[in-house]
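Follow this walk through the fold with the model open. It goes from a helix to the ligand, then to the sheet and the core.

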Amino acid sequence: MSGRRGGGRSLSWAVKFEKRGLWTRNAVAGTSVYGETRRKFSGREYRRWDAQRSKLAAGMLLTKNDPGILLPEAGTQILYLGAGHGTTVSHLHDHLCGKDNERGGRLVAIDIAPRCLRDLTHLAQSRKGLVPILGDVRKFTTWGALIQRRVGWLFQDVAQAGQVDIFLSACARFLAPEGLALLSLKAASERFSKKDEDEVFAEVGQRIVAAGYHLVEAISLAGFEQQHTLFVARRII
Ligand SMILES: C[S@@+](CC[C@H](N)C(=O)[O-])C[C@H]1O[C@@H](n2cnc3c(N)ncnc32)[C@H](O)[C@@H]1O
């Protein structure tokens with residue numbers, strides 16, 4: 001739940017919203033991950049969560065709902081598909097795990113690119129609870145055994161053709177009932193991109209609903225990421 005404490009509005013124990021910007025309590029005080037600014041709130045160090053570089057942060061700034069709803073529950077297991085170099089992953093880790101994984105979370109982060117894995121592995125050395133995996137998100141058989149319990153929160157940002165099929169398969173296999181799944185979709189990456197952007201996004205929303213999910217919100221990320229929408233879906237059964 002959101003609340004106001006010691007400067008800025010708290011979206012969670014580790015995430016603050018202040019003057020239209022987001023900040024996360026740094027699990028590794030004294031270090032930045034991608035050159036982001038650090039500052040103190042009530043004597044604790046926070047890192048600025050740059051919405052120009054994180055679609056989750058952009059979605060949190062643009063949602064019509066309480067932005068805290070988009071976050072996973074701290075101390076749980078989550079699955080992140082398309083982790084990149086760890087920008088968003090690092091902020092999620094601040095919230096999910098905290099210093100020395102004081103919250104007891106587990107963040108499984110998958111990416112196909114060896115260069116990304118190098119950065120994620122480096123990050124994981126100082127961020128307990130972060131589990132980077134080199135793998136293709138389409139090939140569950142190679143990494144799925146590492147997810148032994150279904151997750152309550154899943155995020156996908158792979159920017160490649162077939163994003164919706166990958167997302168729906170991953171949700172069917174790994175998302176727990178009532179779990180929240182977020183799909184960052186780039187219209188131009190879809191095969192049916194001869195349609196205009198609005199048609200692509202409308203069709204994706206319909207597919208998510210037809211697959212049995214409640215579409216909580218489709219957040220246009222215009223202003224931060226062109227041609228991107230963040231779909232927020234809840235598993236009903
Ligand atoms: C836009 S970047 C992710 C940025 C990241 N989500 C962030 O906010 O910091 C997309 C990532 O998806 C990865 N990717 C694309 N296709 C993939 C696949 N089939 N399996 C795993 N990763 C994939 C790319 O290597 C790339 O790092």
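**From a covered helix to the core**

Helix 2 is mostly covered: 10 of its 10 residues are buried. Buried means that 20 or more other C-beta atoms lie within 10 Å of the residue's own; 12 or fewer make it exposed, anything in between partly exposed, and C-beta atoms are placed from the backbone. Helices (H or I, at least four residues) and strands (E, at least two) are DSSP runs, numbered from the N terminus. This is a predicted model: local features need pLDDT of at least 70, side-chain atom pairs count only at pLDDT 80 or more, and totals for chains, interfaces and linings use all residues. Residues are numbered from 1 along each chain as its sequence is written.

The buried residues of helix 2 include Thr87, His91, His93, Asp94 and His95. Just after the helix, Gly98 takes a positive phi of about 75°.

Now turn to the ligand. It is surrounded by 19 residues, the closest being Gly82, Gly84, Thr87, Thr88 and Ile112. A residue counts here if its C-beta atom, placed from the backbone, lies within 6 Å of the molecule. Helix 2 (87-96) and strand 8 (106-111) each supply at least two residues of this shell.

Next comes the sheet. It is open, has seven strands in the order 9-8-7-10-11-13-12, and its pairing is mixed. Strand 9 (130-134) and strand 12 (213-220) stand at the edges with a single partner strand each, so one side of each has no neighbour in the sheet. Strands pair if DSSP finds at least two bridges between them. Strand 12 runs antiparallel to strand 13 (residues 228-235), and seven bridges join them. One bridge partner pair is Tyr213 with Arg235 in strand 13.

Helices pack on this sheet. Helix 1 (residues 55-62) touches strand 10 (151-156), strand 11, strand 12 and strand 13, and makes about 80° with the direction of strand 13. Helix 5 (residues 163-174) lies across strand 7 (77-81), strand 10, strand 11 and strand 13, at about 165° to strand 10. Axes are lines fitted to C-alpha atoms, for helices over the stretch in contact; angles run from 0 to 180 degrees between N-to-C directions.

What lies inside? The largest nonpolar core has 63 residues; Leu79, Tyr80, Leu107 and Phe231 are among those with the most contacts inside it. Such a core is a set of buried Ala, Val, Leu, Ile, Met, Phe, Trp, Tyr and Cys residues joined through C-beta atoms within 7 Å. Strand 11 (residues 175-186) gives the most, with six residues.

Methods
Contact = placed C-beta atoms within 7 Å.
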